[in-house]
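Biologist: Before we discuss terms, please put the model up. I want each label set against its definition.

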Amino acid sequence: MAAALTLPRAAAPLAVLRSVRFAPWAAPAPRRRLLPGPPTAGVPPHPALPPSSKLADPPVVGAPEPPLPFRAAEAEILRDIEPVVQLIKDILHSDRYGDGECLCPKDENVVVEKLLAFHPRAQDKIGCGLDAIMVDRHPEFRKSRCLFVVRTDGVWIDFSYQKCLRAYIREKYPSHAERFIGEHFKRT
């Protein structure tokens, strides 16, 4: 142990470690107390609690749920809109309806309630009143079939089902809407 006294000051901690490791009978160095007061040897420690800011508040009835991670929200949005998207694709791209033909009451109700109601300019499109929903060729883009609102005054005006879906998603899923729309809709 006398050799440890002649070592430079920086090597002194290593000498203590070596003496404890190789001389297990040597007493460990006394520990410095961090807290004032009597030692609590033999008393079990209090269970560690997280800081009060980390404790969960009791759930509030009617409070919105925390947002889902994007992929979970994406799957939920797809499950939500898939039946309407399939119906619209079937209406527009099959021979179920010919050009200039109005939708049956069941399909019309779905289109009006699930799509047209969410169009950013729905009131302008419906105008004086809704008579029917029709499928026809777009007047400018003759190869495209689209949906038209037939008003009670006889005027018919096209509407974009994709604008309706975007508005629906923005309203129902605000925290994930822009990312979902960016990944799943064509840029317009």
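Modeller: Leu147 touches Ile88, Ile91, Leu92, Val111, Ile133, Met134, Val135, Ile157, Asp158, Phe159 and Tyr161, leaving aside residues up to four places away in sequence. This is a predicted model, where local features need pLDDT of at least 70, side-chain atom pairs count only at pLDDT 80 or more, and totals for chains, interfaces and linings use all residues. Residues are numbered from 1 along each chain as its sequence is written, and side-chain values use heavy atoms, with hydrogens and water left out.

Biologist: What makes Ile88 a contact of Leu147?

Modeller: Contact means heavy atoms within 4.5 Å, and Ile88 is among the residues that Leu147 touches.

Biologist: Why is the set with Leu147 called a nonpolar core?

Modeller: Such a core is a set of buried (under 20% relative accessible area, 1.4 Å probe, protein chains only) Ala, Val, Leu, Ile, Met, Phe, Trp, Tyr and Cys residues joined through side-chain atoms within 4.5 Å. The largest one has 29 residues, and Ile88, Ile91, Val111, Leu147 and Ile169 touch the most other members. Its largest share, 9 residues, comes from α3. A second, separate core of 5 residues includes Ala132, Met134, Phe148 and Val150.

Biologist: What makes Arg145 part of the lining of the largest pocket?

Modeller: A pocket is an open set of points on a 1 Å grid over the protein atoms alone, with protein on both sides within 12 Å along at least five of seven lines; lining residues have an atom within 4 Å of a point. Arg145 is one of 22 such residues and among those nearest the centre.

Terms used
1 Å grid on protein atoms, 1.4 Å probe; cavity = no way out; pocket = protein on both sides within 12 Å on 5 of 7 lines; lining within 4 Å. Buried < 20%, exposed > 50% of the residue type's maximum accessible area, 1.4 Å probe, protein only. Helix = DSSP H or I, 4+ residues; strand = E, 2+ residues; numbered from the N terminus.
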